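Please study the sequence and the three-dimensional structure shown below before attempting the exercises.

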Amino acid sequence: MRTKVWAWMRRSTRRTVAVGSLTAVALVGGGLSAVQFAGASTGASSLFVPITPFRILETRGAPFTPRGVATAGPLQDSQTIDLQVTGATNPDTGADTIPTNATSVVLNVTVTNTTGNGFLTLWPAGTGRPNASNLNWVPGRTIANLTTVQLGAGGRVSIFNNIGQTDVIADVAGYYVTSTGTVGPVGPQGPQGLKGDKGDAGTNGTNGTNGTNGTNGTNGTNGVVDRGQITGAPVVATAAAQVTATASCGAKKVLGGGGIYESAGTPGIPIPGNWILASYPSAANVWTVVFDVITPNATDGQVIAYAICVTSPT
């Protein structure tokens, strides 16, 4: 038995919104914000109009004042009543009349003096009753639930009680009308999101092509080679001997080499020898070179030494 009771209590907290093609408008920060219900039509939108709540249905008798029904009394087993919603006015203020162009109504529905494990179903009058419940209870409990219901024929809502007896109370919290206004301006842009993670490093690009070779530099001027002036008579060298040659190289010229050859011929036949001494030049840039004749081997037994001057780079 306990399992059944708890099951019914859990079911009693369920809310069903029977709005058909309704698009609801929620209150946000004192303004209105359109909310499209899942499965609703996207054709026309509806605007929610909040009002000062007032009682539109009361089935209990004295000391309560019946409202919305011809006579006081609880709903019986499987009984249906039609509640007139459009045209209803707050009896305490005489204002907040629900207009005839209202498309749906928001009701806070309460059951009390209940018998049996029952439920209520609310739906647009003049249409087939849906297989759904808006409010559930166990015997002796007083339960309330907020329900939005589309208005049916004549601006009415049908209310069905499935089992036992129950008094029904309904308070109006507001209603919906078809919106005829234009869409408001676009709201301001939201704040910038957080910075994303750093991306991976890119791959290296391909190597560029080699540049063209530079132009070759101009050749330097060739040095001037002069055979130095040979002084003195040929030396008779029948055996190893030393031969001295003197070269006057002149300005900007230096000693570049020398050699030994036979006195006969031009320049004669070279004779092996060693350059064993070169004196520093005198003020007139005259160089003195001494050669060591290893093998005279001269035709006439005489040899001549010579020196070579080259142009200085400075």
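The following exercises treat strand pairing, the nonpolar core and aromatic rings.

The model is predicted: local features need pLDDT of at least 70, side-chain atom pairs count only at pLDDT 80 or more, and totals for chains, interfaces and linings use all residues. Residues are numbered from 1 along each chain as its sequence is written, and side-chain values use heavy atoms, with hydrogens and water left out.

**Exercise 1.** Determine which strands pair with strand β10.

*Solution.* Step 1: Locate the strand. Strand β10 covers residues 156–161; strands are DSSP runs (E, at least two residues), numbered from the N terminus.

Step 2: Identify the partners, given that two strands pair if DSSP finds at least two bridges between them. Strand β5 (residues 80–84) is joined to β10 by 5 bridges and runs antiparallel to it. Strand β7 (residues 119–124) also pairs with β10 in the antiparallel sense, over 5 bridges.

Step 3: Find facing residues. Ile 81 is opposite Ile 159 of β10, and Pro 124 is opposite Val 157 of β10.

**Exercise 2.** Describe how strand β10 and Ile 159 relate to the interior.

*Solution.* Step 1: Assess burial. In β10, 5 of the 6 residues are buried (under 20% relative accessible area; exposed is over 50% and partly exposed in between, with a 1.4 Å probe and protein chains only).

Step 2: Examine the core, a set of buried Ala, Val, Leu, Ile, Met, Phe, Trp, Tyr and Cys residues joined through side-chain atoms within 4.5 Å. The largest nonpolar core has 29 residues, and Ile 56 and Ile 159 have the most contacts inside it. Among the elements that give two or more residues to this core are β5, β7 and β10.

Step 3: List contacts (heavy atoms within 4.5 Å). Beyond its neighbours within four places in sequence, Ile 159 contacts residues including Leu 57, Leu 75, Ile 81, Leu 120 and Trp 123.

**Exercise 3.** Characterise the aromatic pair found in the whole structure.

*Solution.* Step 1: Apply the criterion. Rings of Phe, Tyr and Trp (its six-membered ring) pair if their centres lie within 6.5 Å; planes under 30 degrees apart count as stacked, over 60 as edge-to-face and the rest as tilted.

Step 2: Read the geometry. Phe 48 and Tyr 176 form a tilted pair, with 5.0 Å between centres and 50 degrees between planes.

Step 3: Place the rings. Phe 48 lies in strand β4 and Tyr 176 in strand β11, so the pair ties together parts 128 residues apart in sequence.

Step 4: Check burial. Phe 48 is buried because its relative accessible area is 13%, and Tyr 176 is buried at 6%.

Conventions
Helices (H or I, at least four residues) and strands (E, at least two) are DSSP runs, numbered from the N terminus.
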